[in-house]
Amino acid sequence: MGLFDFIGPASGLLFTLENIIWINLGVFIGCVFAAIPGLSVILCIILFLPVTYTMRAIPGMMFLLGIYCAGGYGGSVSAILINTPGTPHAAATMLDGYPLSKMGRTKAALKIALYASTFGGIFSALVLLFLGPQVAKISAQLGTAEYFMVCLFGMTIIAGVSGKSLVKGIIAACLGLLISCVGADPMTSYDRFTFGIPRLYLGLDLAVTLIGLFALVEIIGKAELKRNELNLHAGKIGNDDGKITKDEYKRMFRPVLMGSIIGSCVGIVPGTGASEASWFSYNTAKNLSKHPEEFGHGSVEGVAAAESANNAVCGATLIPLLTLGIPGDGCVAIMLSALMINGLNPGLSLFTTDGAIMYAIMLGLILVNIFMFLQGKYLTSLFAKVVSIPQQILTPIIVIFCFAGAYSVNSSYFDLSVALVFGVMAWFMRKLELPAVPVLLGMVLGNMTETNFRRALLISDGSPKIFFSSVYCWIFIALIVVVIIGILRGKMKETKNAKVEQ
Amino acid sequence: MKKRIAALVTAGVLALSMLTGCGSKQESWKVTCPWAPSGVAAMVSQKAAAKSPDYSDNKITLVAEAVKGDAATVNTWVSSTKANDKELVFAGEGLFAITETLDPAKLQFSYDDFEFVENLYSSVFVLSADSSLNLKNLDDLEAYVKAGNPVSVAVNGATGSEAFLAAALFGSMGAGDQLKLTPYQSAAEAAQAVAKGETNFAVSHQSQILETYQQGGVDVVCAFDDKAIENGPFAGVEGVGSKGYPYFRNRCFVMARKGTDAAKVAELKELYDKILADDEMVEWLNDTMLLEVDTMTEDDVKAHIENVKSIVEQYKDIVAG
């Protein structure tokens with residue numbers, strides 16, 4: 001029995017008033033949580049999981065999926081408005097979303113993020129619905145060596161986010177890699193760089209460090225400005241009609257489609273996530289764009305690429321969960337427990353025993369994205385008003401949210417100091433013209449790269465041949481070579497242009 | 001006018017929120033579960049918390065919380081509590097037998113800092129093998145090892161219970177030198193490693209290998225228990241204890257802070273015992289989670305810890321080098 005045999009009963013289970021109410025509640029809560037820096041989607045799902053204990057499987061899953069998908073979009077709101085990604089996977093959105101907002105196009109930036117997120121979400125939901133079991137089998141073949149190649153490919157993004165100097169970008173990325181080493185060694189469990197501080201045994205939380213790196217540094221930066229320099233940004237709000245031109249829609253199409261494909265591919269691979277997907281997509285869009293010079297300065301393509309990819313991950317992470325019982329990321333792992341508490345053990349066998357429930361969840365993901373779009377459309381104007389709040393009121397509110405967010409991650413005052421230290425570190429980096437984004441990239445990819453590299457060598461008894469042992473490895477090697485050639489060509493062109501200008 | 005209304009509404013909400021705490025005799029006990037927020041222990045803790053209002057005669061409600069990280073680190077954070085604080089934590093043999101032996105400096109506390117309440121469940125780990133090896137039981141495994149074949153085992157974490165069970169089994173077969181432990185960051189990843197061909201074997205909870213087993217990727221060779229598994233999809237799988245190999249079950253102890261009133265500890269134990277005797281809970285533990293209800297006394301707990309400690313002492317060189 002397949003999709004068409006179950007579509008009738010699945011629709012009957014899904015289209016109930018109860019499910020629609022839970023979806024909308026989930027979408028709203030997820031969006032608000034993700035929009036506040038520090039309050040991550042996973043934290044939101046953990047907090048609201050007990051609500052689903054007394055619910056049946058479908059309403060419970062719809063509620064959690066609502067939070068999960070809306071969280072993918074919600075993170076972009078603060079990235080665009082206050083240059084601080086609400087969630088780590090909205091960091092790539094920030095690169096162009098905030099400059100767009102500074103240009104007085106806040107509403108347009110939020111709209112682009114919403115449209116791209118919805119497209120990415122529905123695209124991956126359709127992939128889940130029609131190709132789930134087939135692609136899950138392919139992803140199950142990817143091993144430790146292939147994962148390392150994915151990480152190595154991810155490292156090439158550093159070139160794209162380094163700003164003017166590649167060397168400074170690499171230095172910043174190395175700093176990020178070093179920071180990712182803090183905590184228990186993934187292969188031996190012995191502590192590294194913890195200096196006997198028990199709270200560092202688990203490493204540094206990405207959500208907390210993000211607050212310091214991007215939010216607090218802005219506040220410190222504002223403290224340096226004179227009073228009459230503070231409200232430049234707000235003055236441009238009156239021009240913001242939120243209009244996206246026909247040409248911009250055209251330019252968005254390719255990065256959105258590419259982002260959706262990249263997000264779906266990354267999401268299928270367990271252990272990766274929306275952060276990696278949005279960076280891959282952003283970098284690909286930049287490499288393929290006719291206007292790469294606009295990236296980092298308010299490119300609509302940049303926002304569209306990053307947002308479509310991070311939302312496309314949502315549906316794709318459900319593929320290994322529902323077909324193989326393997327959770328693709330932390331949020332989905334929590335959803336696995338919601339299913340198991342209802343007595344459902346996900347896997348292909350469940351498609352035979354409870355096929356209607358499985359297909360109702362898959363169809364429900366499309367519905368979740370539709371409601372996310374509708375809620376987002378009406379909330380966009382409300383969100384956009386945030387930038388019109390005078391700086392003397394907005395700044396203290398941001399500071400309070402930042403510290404409350406940092407505290408809420410582990411209910412620990414220690415994390416407030418961590419956020420502050422990272423804020424000061426980011427300020428010094430700004431003075432030295434070292435970009436902060438590669439630090440984040442190093443932290444996102446560091447642990448995964450190291451673990452897979454060392455584990456691969458352990459499996460192969462130290463032989464590097466393992467990294468050339470499968471066709472998937474060779475595909476990634478080819479991609480890495482192509483990207484590096486592209487980077488070198490780009491740099492040579494830049495140097496040539498600079499000489500001509502001189 | 002608007003400001004006055006806003007001030008009145010705010011004051012009203014504050015007053016109401018203060019009054020909600022008055023007059024209620026119900027106590028909420030926070031139960032902190034370390035390890036993975038979506039792991040076996042967290043799920044059972046959540047289910048138990050959801051059941052607690054049915055059995056506490058409105059006196060105690062359990063509130064489940066999950067904090068990612070190993071028990072030594074997570075419990076350090078909550079051990080800043082005092083006796084009679086309404087907080088419970090989970091701990092297992094990993095904390096009191098493994099970490100205490102391998103890395104005592106990491107422990108900010110000892111067993112004596114806690115009052116034992118109840119054991120939440122017992123899990124019999126299983127050893128699964130790559131199906132292409134065609135190993136169906138312990139005899140096949142012994143022959144495989146004796147022939148000098150490679151023994152690589154995927155485990156969750158470098159020095160967890162799974163690693164020591166593998167070390168104890170293959171070490172006592174005389175294959176300690178052949179054994180290569182490959183740590184993964186979750187039990188699900190470790191279980192998948194065998195199906196991908198990265199390792200020959202994996203040690204995991206039964207529920208975590210079930211889907212891979214049903215899809216034909218692995219064979220389940222033996223269980224880490226004294227006798228064969230009696231129920232569920234792995235019924236009939238031999239226990240390593242039947243051939244004299246060392247083993248232990250994975251357990252999850254619910255602990256209160258030392259010095260908590262004995263009457264309150266007894267009340268909490270009674271609540272957990274009622275929850276763990278609930279028909280729906282038992283069925284869910286057995287059929288979905290493939291775990292066993294295994295209520296214990298403090299003496300049982302101490303005996304369990306001593307057993308694991310002796311295994312850790314004997315095989316720590318294999319695991320930790």
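Begin by selecting chain B of this predicted model: of its 321 residues, 54% are buried. Its secondary structure comprises 11 helices and 10 strands. Measured out along the principal axes, the C-alpha atoms of chain B occupy a box of roughly 85 × 40 × 40 Å. Among contacts in this chain between residues at least 6 apart in sequence, 74% link residues at least 24 apart.

**Confidence colouring**

Colour both chains by pLDDT before going further. Chain B has a mean of 88, with 91% of its residues at 70 or more. For chain A the mean is 86, and 96% of the residues reach 70 or more. Within chain A, helix α15 (residues 348–353) has the lowest confidence, at a mean of 74, while helix α18 (residues 414–431) has the highest, at 94. For the complex, the predictor reports an ipTM of 0.83 and a pTM of 0.81.

Now select residues 18–23 of chain B. Here pLDDT remains under 50, and the model shows zero contacts beyond four places in sequence.

**The two domains of chain B**

Give separate colours to the two domains of chain B. Domain 1 consists of 27–121 together with 248–313, and domain 2 consists of 124–246. Their centres, taken over C-alpha atoms, are 26 Å apart. Where they meet, 14 residues of domain 1 are in contact with 17 residues of domain 2.

Which helices of chain B each supply at least two residues of the side of domain 1 that touches domain 2? They are α4 (93–102) and α11 (298–320). The largest share of that side, four residues, comes from α4(B). By class, the side of domain 1 that touches domain 2 contains nine nonpolar, three polar and two charged residues.

Remain on α4(B) and display its side chains. The helix is mostly covered, with seven of its 10 residues buried. These buried residues are Glu93(B), Gly94(B), Leu95(B), Phe96(B), Ala97(B), Ile98(B) and Thr99(B).

**Helix α6 of chain B**

Next, select residues 161–172 of chain B, which form helix α6. The end C-alpha atoms are 16 Å apart, in agreement with the expected span of 16 Å, because 12 residues are counted at 1.5 Å a residue. Is this helix mostly covered or mostly exposed? In α6(B), 11 of the 12 residues are buried, so that the helix is mostly covered by the criterion of 20 or more other C-beta atoms within 10 Å. Among the buried residues are Phe164(B), Leu165(B), Leu169(B) and Phe170(B), as well as Ser161(B) and Glu162(B). Following the chain onward, α6(B) is succeeded by Gly174(B), which has a positive phi, near 85°.

**The interface with chain A**

Bring chain A back into view and select the residues at the boundary between the chains. On this boundary, 30 residues of chain B are in contact with 35 residues of chain A. Several elements of chain B each supply at least two residues to the side that touches chain A: the helices α2 (40–55), α3 (71–78), α7 (187–196) and α8 (206–214), and the strands β2 (60–66) and β7 (179–184). With five residues, α2(B) gives the most to this side. The residues on the side of chain B that touches chain A divide into 12 nonpolar, 14 polar and four charged.

Centre the view on Thr76(B), which is found in helix α3 of chain B. Why does Thr76(B) count as partly exposed? Thr76(B) has 18 C-beta neighbours inside 10 Å and therefore counts as partly exposed. Not counting residues up to four places away in sequence, Thr76(B) touches Pro198(A) and Gln108(B). From Thr76(B), draw a distance to Lys274(B): the two are 198 residues apart in sequence and 29 Å apart in space, C-alpha to C-alpha.

**Annotated spans of chain A**

Finish on chain A. An unreviewed UniProt entry places the feature "transmembrane region" at residues 20–49, 61–82, 112–132, 144–163, 200–221, 356–374, 386–407 and 466–488 of this chain. Select residues 112–132 of chain A: the span is 100% helix and 0% strand, and its end C-alpha atoms lie 28 Å apart. Then select residues 144–163 of chain A, where the chain is 80% helix and 0% strand, with the end C-alpha atoms 32 Å apart.

Note on methods. Residues are numbered from 1 along each chain as its sequence is written. Chains are lettered from A and ligands numbered from 1 in the order in which they are written. Domain bounds come from an automatic or database domain assignment. Two residues are in contact if their C-beta atoms, placed from the backbone, lie within 7 Å. Ala, Val, Leu, Ile, Met, Phe, Trp, Tyr, Cys and Pro count as nonpolar, Asp, Glu, Lys and Arg as charged, and the others, Gly among them, as polar. UniProt positions are given in the numbering used here, feature names are shortened, and annotations may be inferred rather than shown by experiment. The expected span of a helix is 1.5 Å times one less than its number of residues. pLDDT is the predictor's confidence in each residue, from 0 to 100.
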